[in-house]
Amino acid sequence: MSGDRVAQAAPAGAPAETAVPAAPAVHPSSPIPVHGKPLGADIRVDLGETGLRIFPLILGGSEFGWTIDLAASHAVLDAYVQRGGNALHTSDGYASGRSEHIIGRWLASRGNRDEIVVTVRVGGNPDNPGLGPVNLVRSVEASLGRLGIERIDVLYLDAATDGVTALEDTLATAEWLVDSGKVRSLGAAGYTAMQLVEARILSSAGYPRFAALDVAYNLLHRSDFDGDLRLIAGAQGLAVTPSQALEHGYLTGRHRDRAGLSSSVRGSQLAAWMNRRGARTLKALDRISEELSVSTAAIAVSWLLAQRVVTAPIVNASRPAHVDQLVQGVGARLGRSHLAEIARAVE
């Protein structure tokens, strides 16, 4: 039949040929595979005084177990590591601990615990709320169990969850956790500038000192950090790892009107920026992203990295493609004219 191959019989006594399946066709525009270590594996910065060196973009786990399941979360984690990332951030309060469980399953299945810096914020789990001595120990042990690891690299103490426990009592408990090998270093979250000063004074008496600071900070939301907190963080040499780097997703540019927003908490957070200031900001980011050929989200990340006091923003992603867009921010370099344009837009 026309178009059919005619099978030819092999000569008598000749060995039978084994059919070799044809290699799948590769599209000309397909990405060139990268062999060896990831391209970003050599990009590392010091995480304050912890002695750890990390990729200058920390992958947060707030979406894991909440908006995406285990398989989708693992795909995001794989994408991050494949691009050179090595630092993860989660919390005992994310999805009631499911985020930690998902990350723990991933660490176990990939066998890469020694290559990954694991940071955890505690105080927000309803089973062990606050930073009191008993609940703090229980929170850390529960997190270690869900993560399936023996030590947390950086433990962020969330002061916003506890307005009762004295700072000295919290640090005394943290000292035991460090001495027992359950925690390597401490980070602060939700602390005021004066509390950080108090903590540094207590460290002179032998208590462990904070090495990192997690604070809500981005080019639209600066009030919580700019001012005394920023000055103290710089003076104490804290590694600032801003959370909410994309302002709940608004700075990705994917949400520009209220039409598609849900009535959820996140929908309300996004709607709050859908005003003239928000529109001006996205317009500036769009123009710069087009000039530099990177995503709008990457410009928001790059702006944070251009702040001298910032070590590594904490970003969240629900798809591997989002990781690609965010990692672009590490390589993008904003000039003075770009920073000035953004400053004018956000005022």
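How many salt bridges does the count come to in this structure? The count comes to 13 salt bridges, and the close-ups below visit some of them, along with a helix, a threonine and a nonpolar core. Please keep in mind throughout that this is a predicted model.

**Figure 1. Aspartate 78 and arginine 110 meet in a salt bridge.** Let us start with a link between two helices. The side chains of aspartate 78 and arginine 110 come together at 2.8 Å, N to O. Aspartate 78 belongs to helix H1 (residues 70-82) and arginine 110 to helix H2 (residues 98-110), so the pair links distant parts of the chain, 32 residues apart. Arginine 110 counts as partly exposed, because its relative accessibility is 37%.

**Figure 2. Arginine 121 and aspartate 158 form a buried salt bridge.** Here the view moves to a pair of strands. The N to O distance between the side chains of arginine 121 and aspartate 158 is 3.5 Å. Since arginine 121 sits in strand E5 (residues 117-122) and aspartate 158 in strand E6 (residues 152-158), the salt bridge ties together parts that are 37 residues apart in sequence. Are these two residues buried or exposed? Arginine 121 is buried, and aspartate 158 is buried too.

**Figure 3. Arginine 287 and glutamate 341 join helix H8 to helix H11.** In this view the two side chains meet in a salt bridge of 2.9 Å, N to O. Arginine 287 lies in H8 (residues 276-292) and glutamate 341 in H11 (residues 336-346), so the pair ties together parts that are 54 residues apart in sequence. With a relative accessibility of 37%, arginine 287 counts as partly exposed, whereas glutamate 341, at 17%, counts as buried. Elsewhere, salt bridges with shared partners join Arg121, Asp158 and Asp214 into one network.

**Figure 4. Helix H6 has a buried side and an exposed face.** Look along residues 228-236, where Leu229, Ala233 and Gln236 are buried. Why do these three share one side of H6? They do so because they cover an arc of only 75 degrees around the axis. Helix H5 (193-203), strand E8 (210-214) and strand E9 (239-240) are among the elements that cover the buried residues of H6. Asp228, Leu231 and Ala235 are exposed, on the face turned away from the buried side. Just after H6 comes glycine 237, with a positive phi near 70 degrees.

**Figure 5. Threonine 296 of helix H9 is buried.** This residue lies in H9, which spans residues 296-305. Threonine 296 counts as buried because its relative accessibility is 10%, and buried means under 20%. Its side chain makes a polar contact of 3.2 Å with the side chain of aspartate 286. Apart from neighbours within four places in sequence, the residues in contact with threonine 296 are Leu251, Thr252, Gly253, Leu285, Asp286 and Ser289.

**Figure 6. The largest nonpolar core holds 94 residues.** Which members touch the most other members of this core? They are Leu155, Tyr191, Phe210, Leu219, Phe225 and Ile342. H9 supplies the largest share of the core, with 7 residues. Zooming in on one of those well-connected members, phenylalanine 225 is in contact with Leu213, Val215, Tyr217, Arg230, Ala233, Val240 and Val309, leaving aside its neighbours within four places in sequence. Ala233 in that list is also one of the buried residues of H6.

Methods: Residues are numbered from 1 along each chain as its sequence is written. This is a predicted model: local features need pLDDT of at least 70, side-chain atom pairs count only at pLDDT 80 or more; totals for chains, interfaces and linings use all residues. Side-chain values use heavy atoms; hydrogens and water are left out. Buried means under 20% relative accessible area, exposed over 50%, partly exposed in between (1.4 Å probe, protein chains only). Helices (H or I, at least four residues) and strands (E, at least two) are DSSP runs, numbered from the N terminus. The arc is that of the directions from the helix axis to the C-beta atoms. Contact means heavy atoms within 4.5 Å. A salt bridge is a side-chain nitrogen of Lys or Arg within 4 Å of a carboxyl oxygen of Asp or Glu. A polar contact is a pair of N or O atoms within 3.5 Å; within protein, one must be able to donate a hydrogen and the other to accept it, and residues adjacent in sequence count only if both atoms are side-chain atoms. A nonpolar core is a set of buried Ala, Val, Leu, Ile, Met, Phe, Trp, Tyr and Cys residues joined through side-chain atoms within 4.5 Å.
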